[in-house]
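Work through the following exercises with the sequence and the model side by side. Each one sets a task and then solves it step by step.

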Amino acid sequence: MNAIAVWSLLAGASFFQPNVSFEKQVLTERYYCDGITSGDINSDGHPDIAAGPFWYEGPEFKVAHEIYEPVALPMADSPSNAMFTFVHDFNSDGKPDVLVLGRVHKHEAKWYENPGESDELWKSHFVFERVRGESPELVDLNGDGVPQLICHWDGRWGYIQPNPAEPYEPWKFTPVGENEDWPQFYHGQGVGDVDGDGRLDMIVNDGWYRQPEKSQAGNWPFTRGKFSLEVGGAQMFVDDVDADGDNDVISAVDAHGWGLAWYENQRPSGEFPFVQHLMMHDRSREKEFGAAFSQPHALAHADIDGDGLKDVIVGKRMWAHGPKGDVEPNAAQVVYWFQLQRDKDGGVKFVPHLIDSKSGVGVQITAADVNNDGRVDVLTASKLGCFVFLNREPASDAR
């Protein structure tokens, strides 16, 4: 019986245990980076893992190769020059390269050229002076095969992108919004088709920019309105959470405080249509939601249990501002997945399931099938190291 059939039988129940179990594998116990991703680095048909200065050979992930000189970092400080890692073939030579973004206010962005079978360190290429915004995303906005990196610069939201004809030249910034002097440490950004017109829009915590039919044609129309009324979240995702035919938004409420939420698109005219529904909040509501942890600074969005519905993967960031900063800095460094459930009356619930309590997140967590078994795995990097959680089907109970 497939997962959809199981859901059909159990849809009237308020909760059921998903057929998911995670196997933890430690890639390193040293702090090198705050972001992690996957891609077939050596083009052997097996996904590999890239995290800061290393890439790890799949499908075993036991052999590490240096991309640039690795330097282990002190956990109490925040010196990381590798906050985000992305994989893409930037020079079109058939070998996937690696883009590394450092801290918003300290480091220039670079991409590292894949040398192929050589074990030499990868040659770096300058991308851009600074990448503003705390949750940049690399995505092909207009489907032309060229990736864009979502960020803001000189007070305007937009994207930077390479020129395929001159791949080694610095990337160019293209604004989509007006100059509003956005803060460099902005919380809450993402990409998705908000209005259902088939084009990817740009979402920020203060509203969303609609991609016009000709995406290079100047300013994108901006629908203004707050999603989170707190500091704002991290990654933002678009999905029809309640299956009512329009697209909703998912994010953290406060990346350095408390809260996860989905924002229901209620489509009234003349006002911002998104209404917040909490998925998790602080300790006072832990029993209500089934979990409570602070600093949800990295989110992913994927179908963990194979039921056709996308779930939310998120964890607690460790010591974003040191061992005495933020809320509950020394609480367990957890990683959870929140299972999307819908009942027969149209109700929605996100049910939390603990993946691990000794790993946590930095600012980028990845959900991808890294061992080609058809199940979505979870990759995370934090000040405790880098980890892969393989999504395994639990053994059947003995009868």
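A residue is called buried when its relative accessible area is under 20%, and exposed when that value is over 50%. The model used throughout is a predicted one.

**Exercise 1. Decide whether His353 is buried or exposed, and name the side chain that it contacts.**

Step 1. Begin by placing the residue: His353 is found in strand β25.

Step 2. Compare its accessibility with the cut-off: His353 has 9% relative accessibility, and because buried means under 20%, His353 counts as buried.

Step 3. Look next for a polar partner: the side chains of His353 and Gln339 are joined by a polar contact of 2.9 Å.

Step 4. Relate this strand to its neighbour: β25 pairs with strand β24, residues 335–342, in the antiparallel sense and over 8 bridges. Within this region, Arg342 stands opposite Val348 of β25.

**Exercise 2. Give the strand order of the sheet that holds β25, and explain why β22 and β25 each have a side without a neighbour.**

Step 1. Read off the order: the sheet is open and consists of 4 strands, arranged as β22-β23-β24-β25 with antiparallel pairing.

Step 2. Find the edges: β22 (298–302) and β25 (348–356) each have a single partner strand, and therefore one side of each has no neighbour in the sheet.

Step 3. Add the twist: on average, and with direction ignored, neighbouring strands of this sheet are turned by 25 degrees against each other.

**Exercise 3. Trace the open sheet that runs from β10 to β13, and identify the bridge partners along it.**

Step 1. Establish the order: this open sheet has 4 strands in the order β10-β11-β12-β13, and the pairing is antiparallel. Its edge strands are β10 (138–139) and β13 (172–175), each of which pairs on one side only.

Step 2. Follow the pairing of β11 with β12: strand β11, residues 148–153, runs antiparallel to β12 and is joined to it by 5 bridges, and Leu149 has Ile160 in β12 as its bridge partner.

Step 3. Examine the turn: the hairpin of β11 and β12 has 2 residues between the strands, and Asp154 takes a positive phi near 50 degrees there.

Step 4. Continue to the edge: strand β12, residues 156–161, pairs with β13 in the antiparallel sense over 4 bridges. Gln161 has Lys172 in β13 as its bridge partner, while Gly158 stands opposite Pro175 in β13.

Step 5. Check the burial of β12: 5 of its 6 residues are buried, which leaves the strand mostly covered.

**Exercise 4. State which residues of β15 point one way and which the other, and find the strands that pair with β15.**

Step 1. Recall the general pattern: in a regular strand, side chains alternate between the two faces of the sheet.

Step 2. Apply it to the strand: from β15 (residues 201–204), Asp201 and Ile203 point one way and Met202 and Val204 the other, and all are buried.

Step 3. Take one partner: strand β14, residues 189–192, pairs antiparallel with β15 over 4 bridges, and the bridge partner of Gly190 in β15 is Ile203.

Step 4. Take the other partner: β15 pairs antiparallel with strand β16, residues 207–209, over 3 bridges, where Met202 has Tyr209 as its bridge partner. β15 and β16 form a hairpin with 2 residues between them.

**Exercise 5. Describe the largest nonpolar core, and name the members that touch the most other members.**

Step 1. Start from a general tendency: in soluble globular proteins, nonpolar side chains tend to be buried together.

Step 2. Find the central members: the largest nonpolar core has 26 residues, of which Leu27, Ile36 and Ile49 touch the most other members.

Step 3. Ask which elements contribute: β3 (48–51), β4 (54–56), β7 (97–101), β27 (377–382) and β28 (385–392) each give two or more residues to this core.

Step 4. Inspect one member: leaving out residues up to four places away in sequence, Ile36 touches residues that include Leu27, Ile49, Leu379 and Phe387.

Step 5. Note the separate core: a second one, of 20 residues, includes Ala234, Met279, Leu309 and Leu340.

**Exercise 6. Judge whether the radius of gyration of the chain agrees or disagrees with that of a compact globule.**

Step 1. Take stock of the chain, which has 2 helices and 28 strands.

Step 2. Make the comparison: a compact globule of 399 residues would have a radius of gyration near 21 Å, and the chain, at 20 Å, agrees with this.

Step 3. Set burial beside it: buried residues make up 56% of the 399 residues in the chain.

Methods. Residues are numbered from 1 along each chain as its sequence is written. This is a predicted model: local features need pLDDT of at least 70, side-chain atom pairs count only at pLDDT 80 or more; totals for chains, interfaces and linings use all residues. Side-chain values use heavy atoms; hydrogens and water are left out. Two strands pair if DSSP finds at least two bridges between them. Axes are lines fitted to C-alpha atoms, for helices over the stretch in contact, and angles run from 0 to 180 degrees between N-to-C directions. A nonpolar core is a set of buried Ala, Val, Leu, Ile, Met, Phe, Trp, Tyr and Cys residues joined through side-chain atoms within 4.5 Å. Buried means under 20% relative accessible area, exposed over 50%, partly exposed in between (1.4 Å probe, protein chains only). Contact means heavy atoms within 4.5 Å. A polar contact is a pair of N or O atoms within 3.5 Å; within protein, one must be able to donate a hydrogen and the other to accept it, and residues adjacent in sequence count only if both atoms are side-chain atoms. The radius of gyration is taken over C-alpha atoms; the globule rule is 2.2 Å times the number of residues to the power 0.38.
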